[in-house]
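Dear colleague,

I am passing a structure on to you, together with some notes on the contacts found between its side chains. Please look through it first and then read on.

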Amino acid sequence: MGVADGPLYDSTAYTECKRQPEKPQYGGGIIVDEPSAVVDMDNGDVYSPAFLLQNLTGNGTIYSFSSWVKIGGAGSALIQASLKAEDESYNCIGTVLAKRGCWSFLKGGFVLNSPPNLSILFFQNTDGRDVGLAIASASLQPFSVQQWNTYHQYMINTKRKRAVTVHVSNEQGKGLQGAAITVEQVSKDFPFGSAISKTILGNLPYQNWFVERFNAVVFENELKWYATEPNQGNVTYTIADQMLQFVRAHQITARGHNIFWEDPKYTPPWVRNLTADQLKSAVNSRIQSLMSKYKEEFIHWDVSNEMLHFDFYEKQLGPNATLDFFQTAHKSDPLATLFMNDFNVVETCTDVNSTVDTYVSRLRELQQGGVSMDGIGLEGHFIIPNPPLMRAIIDKLATLGLPIWLTEVDISNTLDKETQAIYLEQVLREGFSHPSVNGIMLWSALHPNGCYEMCLTDNNLKNLPAGDVVDKLLKEWQTGKIEAQIDEHGSHSFFGFLGEYRVSVKYGNRTANSSFSLCEGEETRHVSIQL
């Protein structure tokens, strides 16, 4: 991507509070003025600090926004940036947990479909108090849809693929020009999967459909406490065991979901009535039972699900309950990555419970308490995605250097199936093209009465629009079968998606078969085959 294609997206982000703001991204982009007080001519409202923006373009133009924020009043405040335009308004285009006396980085964005004559981009404290807001190094950079998609492709080519050169020679080392070579990708490195439920058991067509597509899985409900111990002392793993057998038989990677769910609504009824001492004993036996039974079976565990929104266990057991859960789980299964998992982190920035900085500060608290092997779980239950906001939030989370997964992706069923599919494609492309996203799980377990919010197929396994999108992307993100001839240098080169490969070579009446792994790396992978 050269200058002629427009600026390259700037993925830089910061989560620490700095004494001085950094320079604006893109040299400020289309923002040229300092923030000031702006009067809304329609109703006389005054926004301050704010930017008055003229002649923004529509047609799906994607705007990346960032600025540095400092407050003069309270110790800290959640600051929200919003956009008010004639036809489209965004309550939130980015948030930051700003502190007194130092500068914090806000990063977000928005998409405009219809071009407004005038727009107001303004900042406010979410709880309404006046905190003496200061704004510096603001930047607003437009990208056309084509520029945004070109960047996606650039990131996929550099992070999800790698160059390969296959050398073919005889035993004396002479290159065999004209030898026929066939290369096939037999498995993918990137985990892309879906939730399943017990409905997959005994359903061979559904099992085949699943295995043809996905290399990762999560059980929708079958490992949750209410499923494994519906009545106290009556612990059963029969269903989960049968599902795990299916997973093992097909060498699929599985996430463990979940040890505890902080929402009291999804806590077993008998647990809600325990005294603090009884609860302490019950949670300990839950962790020991689950984690010892499934030690080293699951790559991840969601430890304390949705802890940014609910706090059943911390209310009952004290503020260190979650920390204890993580530590006990780590001792029980030291090789599993232990995830925080929550909603409305990348889906929107209007939920004050789960802004990106709230997530970061909670994760840092756990780390300071001694938690290791931790991961970032972003559920991804979207209504209308905001791609530049989603990317900006992942940029900020990526500064922590931890594995990031989209864990429960779906699009709301308040939308029609065609719109669901369009939005799903946006989310999946955003996730797969972000170098810090390590895996994507869809929340589309099939039930006789449909799915949680979004199905990929009908009950006869016939694709719905969302299923068409998934199949299209699965094909796009796989190296197609290569059939070629070895060149005059005795080799053949190609770019392939990371994963496992099988290669066969034929020269005259001689054949050779080999296999190789293509892992992430900057350099060309060289493979040698002798005939």
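A charge is said to sit over a ring when NZ of Lys or CZ of Arg is within 6 Å of the ring centre and within 35 degrees of the ring normal. With that in mind, the charged end of Arg160 sits over the ring of Phe432, at 5.2 Å from the ring centre, and the charged end of Arg391 sits over the ring of Tyr9, at 5.7 Å from the ring centre. Please keep in mind throughout that this is a predicted model.

Aromatic rings

Both of those rings appear again among the aromatic contacts. A search of the whole structure finds 36 aromatic pairs, and one of them joins Tyr9 to Trp148, whose ring centres are 5.3 Å apart with planes at 85 degrees, so this pair is edge-to-face. The pair links distant parts of the chain, since Tyr9 is in the segment before strand S1 (36-39) and Trp148 is in helix H1 (residues 145-159), 139 residues apart. Tyr9 is buried, and Trp148 is buried as well. Another pair consists of Phe494 and Tyr501, with ring centres 6.1 Å apart and planes at 55 degrees, so it counts as tilted; Phe494 and Tyr501 are both buried. Phe432, the ring under Arg160, belongs to one aromatic cluster whose other members are Phe190, Phe192, Tyr206, Trp209, Phe210, Phe214, Phe246, Trp477 and Phe497.

Disulfides

A disulfide is a covalent bond between the sulfur atoms of two cysteines. How many disulfides does a search of the whole structure find? It finds three, and when the bonded cysteines of the protein are numbered in sequence order, the pairing reads 1-3, 2-4, 5-6.

In the disulfide of Cys17 and Cys102, the sulfur atoms are 2.0 Å apart, and the link is right-handed, with 100 degrees about the S-S bond. Cys17 lies in the segment before S1, and Cys102 lies in the loop between strand S5 (89-99) and strand S6 (104-112), so the disulfide ties together parts that are 85 residues apart in sequence. Cys17 is partly exposed, with a relative accessible area of 26%, whereas Cys102 counts as buried at 13% relative accessibility.

Cys92 is joined to Cys349 by a disulfide, with 2.0 Å from S to S, and with -120 degrees about the S-S bond this link is left-handed. Here too the pair links distant parts of the chain: Cys92 is in strand S5, while Cys349 is in the loop between strand S15 (337-342) and helix H9 (356-368), 257 residues apart. Cys92 and Cys349 are both buried.

Cys451 and Cys455 form a disulfide with their sulfur atoms 2.0 Å apart; the link is right-handed, with 110 degrees about the S-S bond, and both cysteines are buried.

Salt bridges

Side chains of opposite charge can pair when their charged atoms come close. The count of salt bridges comes to 19. One of them joins Lys84 to Asp40, with the closest N and O atoms 3.0 Å apart, and this pair links distant parts of the chain, with Lys84 in strand S4 (residues 76-85) and Asp40 in the loop between S1 and strand S2 (46-54), 44 residues apart. Lys84 counts as partly exposed at 25% relative accessibility, but Asp40 is buried, with a relative accessible area of 5%.

Lys107 forms a salt bridge with Asp395, the closest N and O atoms being 2.8 Å apart, and it also links distant parts of the chain, as Lys107 is in strand S6 and Asp395 in helix H10 (residues 387-398), 288 residues apart. At 2% relative accessibility Lys107 counts as buried, and Asp395 is buried with a relative accessible area of 3%. Helix H10 also holds Lys396, which meets Asp357 of helix H9, so that salt bridge ties together parts that are 39 residues apart in sequence. Elsewhere, Glu425, Arg429, Lys472 and Glu476 are linked in a network of salt bridges.

Nonpolar cores

The largest nonpolar core has 115 residues, of which Phe219, Trp301, Leu378, Leu397, Leu424 and Leu428 touch the most other members. A second, separate core of 25 residues includes Leu56, Val69, Val96 and Ala138.

With best wishes

Terms used: Residues are numbered from 1 along each chain as its sequence is written. This is a predicted model: local features need pLDDT of at least 70, side-chain atom pairs count only at pLDDT 80 or more; totals for chains, interfaces and linings use all residues. Side-chain values use heavy atoms; hydrogens and water are left out. Rings of Phe, Tyr and Trp (its six-membered ring) pair if their centres lie within 6.5 Å; planes under 30 degrees apart count as stacked, over 60 as edge-to-face and the rest as tilted. Helices (H or I, at least four residues) and strands (E, at least two) are DSSP runs, numbered from the N terminus. Buried means under 20% relative accessible area, exposed over 50%, partly exposed in between (1.4 Å probe, protein chains only). A disulfide is a pair of cysteine sulfur atoms within 2.5 Å. A nonpolar core is a set of buried Ala, Val, Leu, Ile, Met, Phe, Trp, Tyr and Cys residues joined through side-chain atoms within 4.5 Å. A salt bridge is a side-chain nitrogen of Lys or Arg within 4 Å of a carboxyl oxygen of Asp or Glu.
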